[in-house]
Amino acid sequence: MASDISNETVTVYVRLLDEGTPTSRPTRAVRVGPESFRLLATPNYDPEDEHWEFLPGSIVRCETKEHDGERYFLAVGLAR
């Protein structure tokens with residue numbers, strides 16, 4: 001029996017725009033495909049304060065990245 005991936009939530013990092021230096025925000029996301037995730041807003045999400053590259057509710061494609069030996073998902077584009 002195949003597993004239902006639609007209920008799996010993971011942490012995905014989303015780039016923040018207009019920050020002056022490269023910055024990303026961790027948020028939760030629901031897996032909707034092998035490399036696709038629907039972004040969820042953080043509890044304190046404020047669109048006036050932070051400008052996410054992909055808004056909460058967007059279905060994004062992610063790549064696995066590594067920093068200081070830790071692997072993470074980074075949203076890199078809208079899913080097709």
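**Close-up views of a predicted model**

**Figure 1. E63 and K65 form a salt bridge, with 3.1 Å between the closest N and O atoms.** As in the other views, the coordinates shown here come from a predicted model. Salt bridges that share partners bring R61, E63 and K65 together in one network. The contact between E63 and R61 in this network is a salt bridge with an N to O distance of 3.9 Å. That value still counts because the cut-off for a salt bridge is 4 Å. How buried or exposed are these side chains? E63 is partly exposed at 34% relative accessibility, R61 is partly exposed at 35%, and K65 is partly exposed at 30%. For context, the whole structure holds 5 salt bridges.

**Figure 2. Strand 3 pairs with strand 5 in the antiparallel sense.** Here we stay with R61 and turn to the backbone. Strand 5 covers residues 59-67, and 3 bridges connect this strand to strand 3. Which residue of strand 5 stands opposite S36? The residue is R61, which also meets E63 in a salt bridge.

**Figure 3. A hairpin connects strand 2 and strand 3.** Strand 2 spans residues 23-31 and strand 3 spans residues 36-39. How many residues does the hairpin use to join the two strands? The link runs through 4 residues. The two strands pair in the antiparallel sense, with 3 bridges between them. To find your place in this pairing, look for A29, whose bridge partner in strand 3 is L39.

**Figure 4. A salt bridge joins E50 to R25.** The closest N and O atoms of this pair are 2.6 Å apart. Where do the two partners sit in the chain? E50 belongs to the loop between strand 3 and strand 4 (51-52), while R25 is in strand 2, so the pair links distant parts of the chain, 25 residues apart. E50 counts as buried, with 13% relative accessibility, whereas R25 is partly exposed at 22%. The two labels differ because the cut-off for buried is under 20% relative accessible area.

**Figure 5. T42 is a buried residue, with a relative accessible area of 11%.** T42 lies in the loop between strand 3 and strand 4. Which residues does T42 contact, leaving aside neighbours within four places in sequence? The contacts are R25, P26, T27 and W52. You have already met R25 as the salt-bridge partner of E50, and W52 returns below as the ring partner of Y45.

**Figure 6. Y13 and Y72 make an edge-to-face aromatic pair.** A pair of aromatic rings is described by the distance of the centres and the angle of the planes. For Y13 and Y72 the centres are 5.2 Å apart and the planes stand at 70°. Y13 lies in strand 1 (residues 9-17) and Y72 in strand 6 (residues 70-78), so the pair ties together parts that are 59 residues apart in sequence. Y13 is partly exposed at 27% relative accessibility, and Y72 is partly exposed at 26%.

**Figure 7. The rings of Y45 and W52 meet edge-to-face.** The ring centres lie 4.8 Å apart, with 65° between the planes. The pair counts as edge-to-face because the planes are over 60 degrees apart. Which partner is buried and which is partly exposed? W52 is buried, at 4% relative accessible area, and Y45 is partly exposed, at 23%. The count of aromatic pairs comes to 3, including this one.

Definitions and conventions: Residues numbered from 1 in each chain as written. Predicted model: local features only at pLDDT ≥ 70, side-chain atom pairs only at ≥ 80, totals over all residues. Heavy atoms only, no water. Pairing = 2+ DSSP bridges. Salt bridge = Lys/Arg side-chain N within 4 Å of Asp/Glu carboxyl O. Buried < 20%, exposed > 50% of the residue type's maximum accessible area, 1.4 Å probe, protein only. Contact = heavy atoms within 4.5 Å. Phe/Tyr/Trp six-rings, centres within 6.5 Å; stacked < 30°, edge-to-face > 60°.
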